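Colleague: I have a model open and a few things to ask about it. Can we go through them one at a time?

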Amino acid sequence: MIFRCSHLDNKDLFSKSDPFLKISRIVESGDSVPICKTEVVNDNLNPTWKPLCLRIDQFGSKDNPLIIECFDFNSSGNHVLIGKLQKSVADLEKLHKERSGANLTLPSSHGGHEKVLKGQLFVDQFCQKEQYSFLDYISSGFELNFMVAVDFTASNGNPRNPDSLHYIDPSGRLNSYQRAIMEVGEVIQFYDSDKRFPAWGFGGKTFDGSISHCFNLNGSASGYEVEGVEGIMAAYANALHNVALSGPTLFGQVINTASQITSQSLSYTSNKYFVLLIITDGVLTDLQETKDALVRASDLPLSILIVGVGGADFSQMEVLDADGGQRLESSTGRVATHDIVQFVPMREVQSGQISVVQALLEELPGQFLTYMRSRDIKPRSPHAPQTSA
């Protein structure tokens, strides 16, 4: 589908809004689960977005209600709602056939009727075609392989102090690092047959006294894999006793190491897809090197979820996420094949706005399918392809 809006309200003071659409499905509990979003169109109150593909495994049926929200993008991550509406895929198809628009609304601040806005949503193009879904691949034996990298820079604070981001609470209450590992790992491990996970640390002074930007979390000189999510948790807790926090914050080596493992797997199988979780508290000092590593990695079956902990300015991470529609560019001018990064600040998780898993699942299936379709890789056993709109 191709979406267009007209006469949007302006939310910016010195320029026009930078709108993007976020589409969510309403589930049985009444909650909404994000399923996809458009790119950002800068400085435009009458935007037309690039074609968007919705899969039937995302929206369930053509009559299921969807919430379509239009936001003004802010690099801080605090996006401002311009307006919203509720439509099913069948409704969107009807809008296209009738060439009519639907008015956006805003919730009333006084709890009364919704305010109907001048801004409208149009569906300029609507087509359906048969495509394999994420579940088609997973159920035919494709695997997700989990990898994790943990920030050991000094800005996290002394792990012995209760105000440290690395503090291990004797009461068993998880810190932000442990929570991110548990939430993501417990989902991904179900799609990984051997449940052996590569786990690294970066920005720490390791066992031999040198600062390393990619060391094995388990302390082993040769083996970087640990057994299960419990193994990651144990290796992390143990490393806090043996690794001195240092710095600076560099992602490049970790991403390159994960890319190397991913690339090596391609020599013997095409049914593995890798997910790297990077948990960090800080501002990158190797932003361009990280961009270079991500552009190279965009050709691989790899997605990267970055979880930001603490109160740092994470605007750099929003750049890496590339949700602004601007694909990453390397120092040599090469542009990323597609977006492989998803960023979520832990402060939004702790305030209940989103869960880490929800953030991961918002983009992972799409990134997975983009890779598989670009390589014309099909599920291993014959599946009836599902409809997408």
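Modeller: What follows goes through cysteines, strands, a helix pair, a few loops and some backbone geometry.

Colleague: Before that, what kind of model is this?

Modeller: This is a predicted model.

Colleague: Fine. How many disulfides do you count?

Modeller: The count is zero disulfides.

Colleague: Which cysteine sulfur is closest to that of C5, and why is there no bond?

Modeller: The closest one belongs to C70, with the sulfurs 4.8 Å apart, which is too far for a bond. The cut-off for a disulfide is 2.5 Å between the sulfur atoms.

Colleague: And C36, what is the distance there?

Modeller: For C36 the closest cysteine sulfur is in C53, at 8.7 Å, so that pair is too far apart for a bond as well.

Colleague: Are C5 and C36 buried or exposed?

Modeller: C5 has 1% relative accessibility and counts as buried. C36 is buried too, at 9%.

Colleague: Moving on to strand 1. How many of its residues are buried?

Modeller: Strand 1 covers residues 2–6, and four of the five are buried, so the strand is largely enclosed by the rest of the structure.

Colleague: Which strand does strand 1 pair with, and in what sense?

Modeller: Strand 1 pairs with strand 7, residues 115–125, in the antiparallel sense, and five bridges connect the two. As one example of the register, I2 stands opposite Q125 of strand 7.

Colleague: Where does L85 sit, and what does L85 touch?

Modeller: L85 is part of strand 5, which spans residues 80–87. Setting aside residues up to four places away in sequence, L85 touches L66, I67, I68, A102, N103, L104 and L121.

Colleague: Buried or exposed?

Modeller: L85 is buried, and its relative accessible area is 7%.

Colleague: I had also marked A293. How far is A293 from L85?

Modeller: Their C-alpha atoms are separated by 39 Å, and along the chain the two residues are 208 apart.

Colleague: A293 brings me to the helices. How do helix 6 and helix 7 pack?

Modeller: Helix 6 is residues 252–265 and helix 7 is residues 287–297; their axes are 8 Å apart, at an angle of about 15°. The two helices are therefore roughly parallel to each other. Angles under 35 degrees get that label.

Colleague: What is the handedness of the crossing, and which residues make the contact?

Modeller: Helix 6 and helix 7 cross in the left-handed sense. On the helix 6 side the contact is made by G252, I255, N256 and S259, and on the helix 7 side by T290, A293, L294, R296 and A297.

Colleague: Change of topic: G141. Where is G141, and which residues is G141 in contact with?

Modeller: G141 is in the loop between helix 3 (134–139) and strand 9 (143–151). Apart from neighbours within four places in sequence, G141 is in contact with N271 and R380. At 29% relative accessibility, G141 counts as partly exposed.

Colleague: How far is G141 from A154?

Modeller: C-alpha to C-alpha, G141 and A154 are 42 Å apart, with their positions 13 residues apart in sequence.

Colleague: Next, the sheet containing strand 11. In what order do its strands run?

Modeller: The order is 12-11-15: three strands in an open sheet with antiparallel pairing. Strand 12 (211–212) and strand 15 (244–245) are at the edges and each has a single partner strand, so one side of each is left without a neighbour in the sheet.

Colleague: How many bridges join strand 11 to strand 15?

Modeller: Two bridges join strand 11, residues 204–205, to strand 15. In one of the pairings, K205 has A244 of strand 15 as its bridge partner.

Colleague: Last topic, backbone geometry. Which residues does a cis peptide bond join?

Modeller: A cis peptide bond joins G247 and P248, with omega about 0°. P248 is in the loop between strand 15 and helix 6.

Colleague: What is the phi of H7, and of D43?

Modeller: H7 is not a glycine, yet its phi is positive, about 55°. D43, also not a glycine, has a positive phi of about 55°. Most residues other than glycine have a negative phi.

Colleague: Where are H7 and D43?

Modeller: H7 is in the loop between strand 1 and strand 2 (19–26), and at 44% relative accessibility H7 is partly exposed. D43 is in the loop between strand 3 (32–37) and helix 1 (56–59). The relative accessible area of D43 is 42%, so D43 is partly exposed.

Technical notes: Residues numbered from 1 in each chain as written. Predicted model: local features only at pLDDT ≥ 70, side-chain atom pairs only at ≥ 80, totals over all residues. Heavy atoms only, no water. Buried < 20%, exposed > 50% of the residue type's maximum accessible area, 1.4 Å probe, protein only. Pairing = 2+ DSSP bridges. Contact = heavy atoms within 4.5 Å. Axes fitted to C-alpha atoms, helices over the stretch in contact; angles between N-to-C directions. Parallel < 35°, antiparallel > 145°, perpendicular 65-115°, else oblique. Left-handed = near helix turned anticlockwise from the far one by under 90°.
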